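Please look through the structure shown here before reading on. The report that follows starts with a single side chain, then turns to the chain as a whole and to several local features.

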Amino acid sequence: MSNKIFFTPGPTQLFYTYQDHFREAIKQDVPSISHRSKQFMQLFQETRENLHNLLELTDDHNIYFTGSANEIWERMIQSLVVNRSHHFMNGAFAKKFYDFALQYQKSPTKTEAAYGQVYDSLSIPDDSELVGITLNETSNGYMFPAEDIYTIKKQNPDCLLALDGVSALPAIPIDFNNIDTAYFSVQKCFGMPAGLGVWIANKKCLEKTALMEADGLITGSYHSLSSFEKYGRKNQTPETPNALSIFILGKIAEDMLRRGISFVRNETVYKSALLYQTAAQISILDPFIKDKKYQSKTVMVCDVKNGSEQIIETCKKKGWVLGSGYSEQKQSQVRIANFPMHSKEQVEQLCDFLVKEFK
């Protein structure tokens with residue numbers, strides 16, 4: 001057993017029950033079963049039901065499984081956009097979604113702010129079919145306020161609102177009455193190895209893709225939204241899926257439900273406050289997002305005076321594995337994840353160590 005605790009923003013620390021569920025999956029032969037078998041259909045249904053309850057989805061929302069969150073960007077553009085999408089963009093991952101739309105020649109528009117900065121306007125073009133919003137920008141620690149997201153939906157009721165929840169769900173509450181489609185991957189807040197994406201879509205999305213197909217438009221092949229829905233009604237997937245991860249995801253969702261989603265979210269707020277309070281005590285750390293309203297509660301990003309290498313290496317020697325900055329900020333920033341598998345005690349110990357070593 002490793003004595004390291006990974007506070008990296010994904011992949012990250014495994015959920016504390018992951019190994020138990022892995023062993024149970026092996027015992028039940030989950031990696032070897034047919035994805036058309038009754039056993040698979042049962043575990044598929046249980047996982048979707050647990051996620052549905054955990055995320056507090058509406059009856060209109062369905063859940064599908066893909067290879068990654070990146071794949072879902074492509075599927076959304078294929079299945080839900082005829083001419084134009086709009087993207088709020090102030091970080092690397094929001095930009096990637098925009099770039100996918102460019103590659104598919106969907107003439108996307110954007111509301112762009114400087115890296116990690118606040119948007120000047122929440123308005124979008126009238127002809128936007130889908131608007132992409134990143135709830136939590138993992139690259140720089142910017143959190144898009146939920147009330148602003150709801151405002152955008154209220155002002156544009158006919159536009160599909162697509163939410164990137166990759167490093168936020170389920171730790172950050174969101175009212176899915178205002179969300180048409182959303183997505184995340186499991187290697188962050190669910191504490192699992194990478195290799196599984198979760199796509200959420202409501203009936204409005206299904207109606208849009210059906211209209212596109214009726215007009216003769218190509219919405220994808222075996223991974224079109226209509227294909228996911230066709231097989232999903234039978235508790236199946238279009239192709240042989242990652243059954244092991246689907247099984248374990250359902251069990252981890254069940255664990256969180258047992259603890260209570262309110263408990264998980266309240267603990268996230270407490271740990272986040274402790275991390276930012278600690279950063280305020282350390283002269284070499286300066287949170288990149290200054291305004292508390294926009295500070296991520298799940299990924300704290302800090303500029304580090306004289307570079308991040310020293311603090312990362314010092315912590316690593318003691319078993320605390322922190323994340324470096326993203327891309328061009330790799331050497332100048334540190335990213336510290338605060339996900340549900342990071343216990344209150346672990347965060348407290350890390351904060352005590354940081355203050356002792358660097359204050």
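With which side chain does the side chain of R75 make a polar contact? In this predicted model, the partner is Q78, whose side chain makes a polar contact with that of R75 at 3.1 Å. R75 lies in helix α3, which covers residues 69-80. Although its side chain takes part in a polar contact, R75 counts as buried, because its relative accessibility is 12% and the limit for a buried residue is under 20%. When its neighbours within four places in sequence are left aside, R75 is in contact with W199 and H223.

**The chain as a whole**

The secondary structure of the chain comes to 11 helices and 14 strands. For a chain of 359 residues, a compact globule would have a radius of gyration near 21 Å, and the value computed for this chain, 20 Å, agrees with that. Taken along the principal axes, the C-alpha atoms fill a box of roughly 65 × 55 × 30 Å. Of the 359 residues in the chain, 60% are buried. Among the contacts with a separation of 6 or more, 71% are between residues that stand 24 or more positions apart. The chain exposes about 15,500 Å², and carbon and sulfur atoms supply 48% of this area.

**Helix α11 and its two sides**

Helix α11 runs over residues 344-358 and has 15 residues. From its first C-alpha to its last, helix α11 reaches 21 Å, which is close to the 21 Å expected at 1.5 Å a residue. Which residues of α11 are buried? They are Q346, V347, L350, C351, F353, L354 and F358. Seen down the axis of α11, these buried residues fall within an arc of 160°, so they line one face of the helix. On the other side of α11, by contrast, D352 and K356 are exposed.

The buried residues of α11 pack against several other elements of the chain, both helices and strands. The helices are α9 (261-281) and α10 (309-317), while the strands are β1 (5-7), β13 (320-324) and β14 (333-337).

**A buried alanine in α9**

One of the helices against which the buried residues of α11 pack is α9, and A279 has its place in this helix. Is A279 buried or exposed? A279 is buried, with a relative accessible area of 2%. Not counting residues up to four places away in sequence, A279 touches L285, P287, M300 and C302. Q103, on the other hand, is 176 residues away from A279 along the chain, and the C-alpha atoms of these two residues are separated by 40 Å.

**A buried serine in α7**

S227 has its place in helix α7, which covers residues 225-232. With a relative accessibility of 11%, S227 counts as buried. Leaving aside its neighbours within four places in sequence, S227 is in contact with S221, Y222 and P238.

**Backbone features in the loops**

Two cis peptide bonds, each with a proline as its second residue, are set out in the table below.

| Residues joined | Omega | Place of the proline |
|---|---|---|
| G10 and P11 | about -5° | P11: loop between β1 and α1 (18-27) |
| L169 and P170 | about 5° | P170: loop between β8 (160-164) and β9 (181-185) |

The loops also hold two residues with a positive phi, E56 and S327. E56 has a positive phi of about 55° although it is not a glycine, and this residue lies in the loop between α2 (38-55) and β2 (62-66). S327 likewise has a positive phi of about 55° without being a glycine, and it is found in the loop between β13 and β14, two strands against which the buried residues of α11 pack.

How exposed are these two residues? E56 counts as partly exposed, because its relative accessibility is 45%, whereas S327, at 55% relative accessibility, counts as exposed. The dividing value here is 50%, since a residue is called exposed when its relative accessible area is over 50%.

Key. Residues are numbered from 1 along each chain as its sequence is written. This is a predicted model: local features need pLDDT of at least 70, side-chain atom pairs count only at pLDDT 80 or more; totals for chains, interfaces and linings use all residues. Side-chain values use heavy atoms; hydrogens and water are left out. Helices (H or I, at least four residues) and strands (E, at least two) are DSSP runs, numbered from the N terminus. The expected span of a helix is 1.5 Å times one less than its number of residues. Buried means under 20% relative accessible area, exposed over 50%, partly exposed in between (1.4 Å probe, protein chains only). The arc is that of the directions from the helix axis to the C-beta atoms. Contact means heavy atoms within 4.5 Å. A polar contact is a pair of N or O atoms within 3.5 Å; within protein, one must be able to donate a hydrogen and the other to accept it, and residues adjacent in sequence count only if both atoms are side-chain atoms. The radius of gyration is taken over C-alpha atoms; the globule rule is 2.2 Å times the number of residues to the power 0.38. Accessible areas come from the Shrake-Rupley method with a 1.4 Å probe; for residues, only the protein chains shown count as cover.
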